[in-house]
Amino acid sequence: MQQHISQALTLEDINTLPLEDVLRFLEGLYEHSEWIVKNTLQQRPFPSVANLQWQLTQTLDQSDSASQLRLIQAHPELTGKAAIDKTHLTRDSQNEQSLAGLAFCSPQEYEELQQLNLAYSKKFGFPFVLAVRGPRALGLSRQEIILTLKRRLRNTPAYEQQEAIRNIHRIAELRLHEKLGLQCPQGERVWDWHEQLARHSEDEELDPHTRTQKLTATFLSTAHQAVAQDIRHLMLSSGFDEVTQDAVGNVVGKYHAKASNHPGRSPTVMIGSHYDTVRNGGKYDGRLGILSAVACVEMLHAQQTRLNVALEVVAFSEEEGQRFAATFLSSSALCGQFQSAWLDQTDSNGVTLSQAMQSAGLNPQEIPGLQRDPSQYLGFLEVHIEQGPVLCHQHLPLGIVSSINGSVRYTGQIVGRASHAGTTPMDDRQDAVCAAAAIALCMERLAREMPTSVATMGLFNVPKGSINVVPGQVQFSMDMRAPSDDLRDALAKKVLDEAHRICSERGVSLELTQTLKISAAPSDEKLKSHWHRALEHLGLPEFVLPSGAGHDAMKMHDIMPQAMLFVRGLNSGISHNPLESTSAQDMQLGVDALAHVLHQIDASMQSTH
Ligand code: GLV
Ligand code: MN
Ligand code: MN
């Protein structure tokens, strides 16, 4: 819950005091642009601070482009020491820029910042605006600021204008929270826990764009196992009654129901998401769903509260399909769908899944015993970072998932004929790479023709290729997704037909193996209505969107009702990328929404007793 520090004005004051007083109090929220606050205050009363913030974004969205540009132009340049010392910045900007360490720029950094600022304003015609206090309000490092400026210089002017506005709203959010003395303790804790888990990576390399260590934690790597241990300790110290690691590597924390409700077994709500990552992934994909649930249990425990339902928080060990061809290993185990044949699959080093599990101390023989009895569960809830641009562009912190798109995946191999690159005439080649490339382009065209569908060739490998050899072999993957199973199947059929045609015309052989076929998963109406009520309680628009990404929830869907909540991602929601990010304020709202849903379920159980 957002906490309020005494002395500051409250939301109640904003809703009820004379307009001039409120305007004076909110002065400086937007740089030299009082009209934004003034117009927004016509919407009083606001049910929540989050609602006020959203209304502010709407006022600006409804204004014309010239007013938006003037607002951006009213911002001071990010300067560095020399100029911060002079006082042409507002006091708030001075504080923000100093907090971000710009007051301590070296002469070289100062010079670099000046050059970049110059290039930026030349390209866009407005100053570079960045919420330099960052997603956790601790201040971005100078390196982060400079790298962000370089990255944003590559944007188109139209996009960059909107990105500047999103940063302006973030600056206003932090200023508003400060004026109101609001804090987000659970949001900050959850944010910090992500940092803690992100210390463990199997990749030593630096990402060239962020210059931070790549975050990779694939199934049962040392880093992945270290993350599991951290989650186990975190659950134990947060007040869970039982914490175990199961045979497939899931960390499972249980928080018992009220003792008085124990004559039989209390119904259980399962909450969770995954802790494995893609290679060079983001910090929040999956883990946010685990850590938001841990924060809820921590709050219940601190309040010495037990619910009429038991909570089972599952940190799923594998969802990303990085190390082995099979994926959703963890949720499949809980659904009783783990196939023993998967144990013989090998990773790129020839280690079988079975060997990997045994060397991590897991016993594959015990996997069948992990199957859950659906009759004991009320359903599955998953909070997840959106991984797309929708919420970010709508200025909405939270969104309710209507349905998760279905997907199908293949791994493929094309065998042609390796031959001399200098002597083999162009019309006498059996080039495996060219065939795969033609298939990739065909996937792109076909998916574009079905606007709600997507198709990706994410793996592309020429084994032992040489610069002067026509490739005789290529290995690749195909991932195709659509909002319904029918659309997914229609796309897959077209792609497969075309792939066979292309290979036969080029005289190469094609081998395809289906590695995943998972149904689209519409959210359960009742659970979804709980999310609606939670957002209503938070004073947020009840925005609904589909999930393009796959989630543990879509597998749990096979045996129990499920409904997901999305949290806005910064940087236009980029994901499977180290730039994936979300703020402590948005995390707080996610935790608050989840807690509200749990209390609703609790209350509904009370009324049935
Ligand atoms: C998981 O992140 C997926 O959608 O591939
Ligand atoms: Mn992912
Ligand atoms: Mn995920």
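## Two manganese sites and their surroundings

His576 is partly exposed, with a relative accessible area of 43%; on this scale, computed with a 1.4 Å probe on protein chains only, buried means under 20%, exposed means over 50%, and partly exposed is in between. The model is predicted, so local features are given only where pLDDT is at least 70 and side-chain atom pairs only at pLDDT 80 or more, while totals for chains, interfaces and linings use all residues. Residues are numbered from 1 along each chain as its sequence is written, chains are lettered from A and ligands numbered from 1 in the order in which they are written, and side-chain values use heavy atoms, with hydrogens and water left out.

His576 is one of the protein donors of the manganese ion (ligand 2), together with Asp285 (OD) and Glu320, which is listed with two OE atoms, and these donors lie 2.1 to 2.6 Å from the ion. Donors here are N, O and S atoms within 2.8 Å of the metal (3.2 Å for Na, K and Ca), and since water is not among the atoms, sites may look incomplete. Along the sequence, the donor residues of this ion follow the spacing D-x34-E-x255-H. Asp285 sits in the loop between strand 5 and helix 13, and His576 in the loop between helix 21 (570–573) and helix 22 (584–607), so this pair ties together parts that are 291 residues apart in sequence. Helices (H or I, at least four residues) and strands (E, at least two) are DSSP runs, numbered from the N terminus.

The manganese ion (ligand 3) has His274 (NE2), Asp285 (OD) and His384 (NE2) as its coordinating residues, at 2.0 to 2.3 Å, and their spacing in sequence is H-x10-D-x98-H. Asp285 bridges this ion and the manganese ion (ligand 2), the two ions being 3.5 Å apart. With Asp285 in the loop between strand 5 (268–274) and helix 13 (287–302), and His384 in strand 7 (residues 377–385), the pair ties together parts that are 99 residues apart in sequence. Asp285 and His384 are both buried.

The loop that holds Asp285, between strand 5 and helix 13, also contains Asn280, whose phi is positive, at about 55 degrees, although Asn280 is not a glycine. His32 likewise has a positive phi, near 50 degrees. As background, most residues other than glycine have a negative phi, and most peptide bonds are trans. Against the second part of that background, the peptide bond from Arg44 to Pro45 is cis, with omega near -5 degrees, and Pro45 lies in the loop between helix 3 (34–41) and helix 4 (49–62).

The table sets out the accessibility of some residues treated in this report.

| Residue | Relative accessible area | Class |
|---|---|---|
| Asp285 | 6% | buried |
| Asp347 | 10% | buried |
| Lys555 | 11% | buried |
| Asn280 | 16% | buried |
| His32 | 64% | exposed |

Asp347 is placed in the loop between helix 14 (329–334) and helix 15 (353–359). Its side chain makes a polar contact of 2.9 Å with the side chain of Arg323, a polar contact being a pair of N or O atoms within 3.5 Å in which, within protein, one atom must be able to donate a hydrogen and the other to accept it, and residues adjacent in sequence count only if both atoms are side-chain atoms. A polar atom of the Asp347 side chain also lies 2.8 Å from the backbone nitrogen of Asn349.

Lys555 belongs to helix 20 (residues 552–556), and its side chain is joined to that of Gln337 by a polar contact of 2.7 Å. When neighbours within four places in sequence are left aside, Lys555 is in contact (heavy atoms within 4.5 Å) with Phe328, Ser331, Ser332, Cys335, Gln337 and Ile518.

Elsewhere, helix 11 (residues 185–197) and helix 12 (residues 222–237) pack at an angle of about 145 degrees, with their axes 10 Å apart; the axes are lines fitted to C-alpha atoms over the stretch in contact, and angles run from 0 to 180 degrees between N-to-C directions. Trp193, Gln196 and Leu197 in helix 11 meet Val227, Asp230, Ile231 and Leu234 in helix 12.

Strand 3 (residues 242–245) and strand 4 (residues 251–255) pair in the antiparallel sense over 4 bridges, where pairing requires that DSSP finds at least two bridges between the strands. Val243 has Gly253 in strand 4 as its bridge partner, and in this hairpin, with 5 residues between the strands, Gly249 takes a positive phi near 95 degrees.
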